[in-house]
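Please open the structure in a viewer and keep the selection tool at hand. The tour proceeds from stop to stop, each beginning with something to select.

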Amino acid sequence: MYLYNSATHKKEEFKTHTPGRVEMYTCGPTVYHFAHIGNLRSYIMEDVLEKYLRFAGYDVNRVMNITDVGHLSSDADTGEDKMLKGAKRENKTVMDIAKFYTDAFFDDCRKLNIKTPDVVQPATGCIDEYIKIISKLVDTGYAYLAGGNVYFDSSKLERYYIFNDHDEDDLAVGVREGVEEDSNKRNKNDFVLWFTKSKFEDQALKWDSPWGVGYPGWHIECSGISMKYNGEYLDLHCGGVDNAFPHHTNEIAQSESYLGHPWCPQWFHVHHLNDPAGKMSKSKGEFLTVSLLEEKGYDPLAYRWFCLQSHYRKTLVFTWENLDNAAAAYTKLLNRVAALKPEGDVDQAVFGEYREKFLQQVGNDLNTSMAVTAVFDALKAKTNDATKLAVIGEFDKVLSMSLLEKAAALREKAAQAVQSGGGDYVITGEGDPEIDAKVLARYEAKKAKNFAEADRIRDELKRQGIEVTDVKGGAAWKRL
Ligand SMILES: [Zn+2]
């Protein structure tokens with residue numbers, strides 16, 4: 001596989017420390033609120049990456065943290081405590097908030113067909129790991145105590161890694177946007193490893209440490225959790241592009257200072273989901289969640305399909321119209337797959353050829369739009385339906401669009417509607433499941449108020465010489 005590496009700014013051949021094995025780490029959510037679909041874009045793309053690596057034959061160990069302590073509202077250690085803010089807003093304890101929004105996050109993931117990583121670790125569960133790392137950093141002079149807190153000393157590094165995307169102005173963001181400047185810092189890029197002097201008097205979660213009772217900074221949790229479950233050599237670190245600085249920069253600084261050797265060579269950053277006006281913010285307009293999409297009648301997988309259509313390193317522009325288009329395309333695709341007849345033998349030569357092509361195309365920097373195209377190519381392949389279904393099923397191991405399952409359900413529904421006569425919607429025709437499926441899809445589209453799609457299907461049927469008439473409790477069709 002070739003993957004763009006944000007650490008080197010180049011597309012490189014993907015390599016691992018141990019051949020055939022990928023140690024993969026993903027920055028998880030801060031569980032103080034529902035996940036925004038913009039954040040979920042990152043998790044969708046990381047899920048596709050993990051599934052692609054498995055598809056390509058790697059043994060993957062994927063680890064993710066859950067931030068339930070230590071993340072302040074500015075990534076540069078200033079502002080309010082996000083968890084405390086959530087708890088105050090809802091008049092609950094911090095642990096209740098963490099539990100509720102962790103569950104909500106995984107519900108969203110399930111609806112989006114995002115696989116749960118092999119290891120999911122709440123930050124509050126690894127305090128000993130952080131203390132071990134911080135103690136060594138203090139002993140070796142990479143960290144210092146000031147004003148009760150422990151800080152990482154960025155001046156001790158030959159190179160404070162900044163992913164090159166960031167110039168001095170970007171580096172000053174934390175200072176500029178911070179609620180207050182931290183006068184304890186010796187250098188502006190220093191960051192907190194352990195807080196004991198919390199400005200939040202009601203800070204709920206505290207632990208004993210060699211430096212006093214307190215709690216860890218945000219950045220240290222990812223280093224601690226990754227080293228615990230991935231070992232000293234990480235192959236691939238993933239996150240949203242907004243995590244690159246200062247979070248990932250600081251992870252690298254403390255991890256490499258602690259380990260005394262390079263830590264993770266390969267960094268994968270997913271770009272933003274924006275509205276047409278710029279960055280999509282949680283504070284203005286509708287707060288876009290998976291639940292909101294469902295309330296508006298969308299299948300969450302239509303959003304996954306929308307994300308797959310564009311490259312992870314491009315900003316994706318969200319509008320309802322764009323989502324409608326993706327939803328219509330997805331429905332259309334399912335109907336086409338449903339119309340395939342699962343009969344006959346799979347042509348292994350054709351199957352192998354399509355699989356290999358998919359592996360090559362998608363392996364070019366996780367080209368998911370090529371993966372989408374590959375599904376349509378498979379539908380048009382000069383082979384039997386059984387082979388097409390096998391190929392599409394194989395691609396769906398990476399895409400996770402439930403293509404075969406949903407198509408089978410559609411086929412089943414169409415057959416039942418025709419045979420039973422007692423279903424909700426009865427289709428009377430000449431007993432052609434392909435046409436029945438389309439007539440049913442038209443009905444489903446109308447029911448979902450997707451009139452454009454309903455009209456499109458009607459026109460498509462018309463071109464096939466089929467006339468559909470709505471009758472009480474169903475539809476009747478005939479060949480003209
Ligand atoms: Zn992280």
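The model is predicted. Begin by selecting strand 12 (residues 273-275) together with strand 14: the two pair in the parallel sense over two bridges. Within this pair, Asn274 has Val317 of strand 14 as its bridge partner. Now add strand 13 to the selection. The result is an open sheet of three strands in the order 13-12-14, with mixed pairing. Strand 13 (278-279) and strand 14 (316-317) are the edge strands, each pairing on one side only.

**The whole chain**

Next, select the entire chain and display it as a cartoon. The chain holds 17 helices and 17 strands. Along the principal axes, its C-alpha atoms fill a box of roughly 85 × 50 × 35 Å. Of the 480 residues in the chain, 44% are buried. Among contacts with a separation of 6 or more, 73% join residues 24 or more positions apart.

**The four-stranded sheet**

Select strands 6, 7, 8 and 9. They form an open sheet in the order 6-7-8-9, and the pairing is antiparallel. Which strands stand at the edges? They are strand 6 (143-146) and strand 9 (215-216); each has a single partner strand, so one side of each is left without a neighbour in the sheet. Zoom in on strand 6 and strand 7 (residues 149-152), which pair in the antiparallel sense over four bridges. Here Ala143 stands opposite Phe152 of strand 7.

**The largest nonpolar core**

Ala143 also leads to the next stop, since it is listed among the residues with the most contacts inside the largest nonpolar core. This core has 128 residues, and the others in that list are Ile134, Leu137, Leu193, Ala302, Ala371 and Phe395. Select helix 1 (residues 37-55) as well: with nine residues, this helix supplies the largest share of the core.

**Helix 10 against helix 11**

From the core list, select Ala302. Apart from its neighbours within four places in sequence, Ala302 is in contact with Leu323, Ala326, Ala327 and Tyr330. Extend the selection to helix 10 (residues 300-308) and helix 11 (residues 320-338), whose axes come within 8 Å and cross at roughly 105 degrees. The two helices, helix 10 and helix 11, are therefore roughly perpendicular to each other. On the helix 10 side, the meeting residues are Leu301, Ala302, Tyr303, Trp305 and Phe306; on the helix 11 side, they are Asn322, Leu323, Ala326, Ala327, Ala329 and Tyr330. The residues of this contact comprise ten nonpolar, one polar and no charged.

**Ala371 in helix 13**

Select Ala371, another residue of the core list, found in helix 13 (residues 368-380). Is Ala371 buried or exposed? It is buried, because 21 other C-beta atoms lie within 10 Å, and the cut-off for a buried residue is 20 or more. Beyond its neighbours within four places in sequence, Ala371 is in contact with Leu308, Phe358, Val362, Phe395, Val398 and Leu399. Lys357 is 14 residues away along the chain, and the C-alpha atoms of Ala371 and Lys357 are separated by 9.9 Å.

**Val63 in strand 4**

For the last stop, select Val63, which has its place in strand 4 (residues 59-66). Val63 is buried, with 22 other C-beta atoms within 10 Å. Neighbours within four places in sequence aside, its contacts include Tyr25, Pro117, Val119, Ile225 and Tyr229. Finally, select Gly28: Val63 and Gly28 are 35 residues apart in sequence and 9.1 Å apart in space, C-alpha to C-alpha.

Conventions. Residues are numbered from 1 along each chain as its sequence is written. This is a predicted model: local features need pLDDT of at least 70, side-chain atom pairs count only at pLDDT 80 or more; totals for chains, interfaces and linings use all residues. A residue is buried if 20 or more other C-beta atoms lie within 10 Å of its own, exposed if 12 or fewer, and partly exposed in between; C-beta atoms are placed from the backbone. Two residues are in contact if their C-beta atoms, placed from the backbone, lie within 7 Å. A nonpolar core is a set of buried Ala, Val, Leu, Ile, Met, Phe, Trp, Tyr and Cys residues joined through C-beta atoms within 7 Å. Axes are lines fitted to C-alpha atoms, for helices over the stretch in contact, and angles run from 0 to 180 degrees between N-to-C directions. Angles under 35 degrees count as roughly parallel, over 145 as roughly antiparallel, 65 to 115 as roughly perpendicular and the rest as oblique. Ala, Val, Leu, Ile, Met, Phe, Trp, Tyr, Cys and Pro count as nonpolar, Asp, Glu, Lys and Arg as charged, and the others, Gly among them, as polar. Two strands pair if DSSP finds at least two bridges between them.
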